[in-house]
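Here is a friendly walk through one chain, from its overall layout to its core and its aromatic side chains. Keep the structure open as you read.

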Amino acid sequence: MVIIKAKKKIKKYGGPTRLSKGAKVLITIVLILELAALALVIAISKDPYLLTGYSEAEEAIVEEEVIEPVVEEVPVVEDIYTMDYALVTTEELDALDSEGTYLMLNEIYARNGFIFGSTNLQAHFDSQEWYEGYTSDMDEVYSNMTYTEQQNIEIIVEYQKEHGYR
């Protein structure tokens, strides 16, 4: 059958005199590969477990042993620090209580490497993945802040005074 197809293709391309011997061999090889691929498709359609190396019974056992991965809900960590380039708004401060404004204010210092004297504050910021304290020198920390961070400190302190938090 392959030979017949090869002869037809050879005839289609101008007969044996127009094709070189190498071209004839190449056409024959391509046809043989097509035939092998067709035979494999037919074999797989008859036995879908042919390529796995398992029999149908063994495949059923393997399927039963599949362990579904445990998907745990991972808490979303929201670390969107904008205090270095955006001014804090009254609406943002109104959404916080006294402790919230206190933490917001001190986060600005923490983001700039301040090591706190308060054990509670230090413990809080030590638990933050981003925190890297390196100095307790307030002047050094303040000089490393952006102008916007310095303005945010003033805004938060003023807000705390207006609301009796200081």
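Read from start to end, the chain runs α-α-α-α-α-α-α-α. That pattern reflects eight helices and zero strands, where helices (H or I, at least four residues) and strands (E, at least two) are DSSP runs numbered from the N terminus. Bear in mind that this is a predicted model, in which local features need pLDDT of at least 70, side-chain atom pairs count only at pLDDT 80 or more, and totals for chains, interfaces and linings use all residues. Residues are numbered from 1 along each chain as its sequence is written, and side-chain values use heavy atoms, with hydrogens and water left out.

**The core**

Of the 166 residues in the chain, 24% are buried; buried means under 20% relative accessible area, exposed over 50%, and partly exposed in between (1.4 Å probe, protein chains only). The largest nonpolar core has 20 residues, and Met83, Ile108, Tyr109, Phe116, Ile153 and Ile156 touch the most other members. Such a core is a set of buried Ala, Val, Leu, Ile, Met, Phe, Trp, Tyr and Cys residues joined through side-chain atoms within 4.5 Å. The elements below each give it two or more residues.

| Helix | Residue range |
|---|---|
| H5 | residues 98-111 |
| H6 | residues 119-126 |
| H8 | residues 147-162 |

H5 supplies the largest share, five residues.

**A look at H8**

The 16 residues of H8 should span 22 Å at 1.5 Å a residue, and its end C-alpha atoms are 23 Å apart, which agrees; the expected span is 1.5 Å times one less than the number of residues. Buried residues of H8 include Gln150, Ile153, Ile156 and Tyr159. Their cover includes H4 (90-94), H5 and H7 (138-144).

Leaving aside neighbours within four places in sequence, Ile153 is in contact (heavy atoms within 4.5 Å) with Leu105, Ile108, Tyr109, Tyr142 and Met145. On the same basis, Gln150 is in contact with Tyr142 and Met145. Gln150 counts as buried because its relative accessibility is 17%. After H8 comes Gly164, with a positive phi near 75°.

**Aromatic side chains**

How many aromatic pairs does the structure hold? There are seven, a pair being rings of Phe, Tyr and Trp (its six-membered ring) with centres within 6.5 Å. One aromatic cluster is formed by Tyr109, Phe114, Phe116, Phe125, Trp130 and Tyr131. The charged end of Arg111 sits over the ring of Trp130, 3.7 Å from its centre; this requires NZ of Lys or CZ of Arg within 6 Å of the ring centre and within 35 degrees of the ring normal.

Definitions and conventions:
Phe/Tyr/Trp six-rings, centres within 6.5 Å; stacked < 30°, edge-to-face > 60°.
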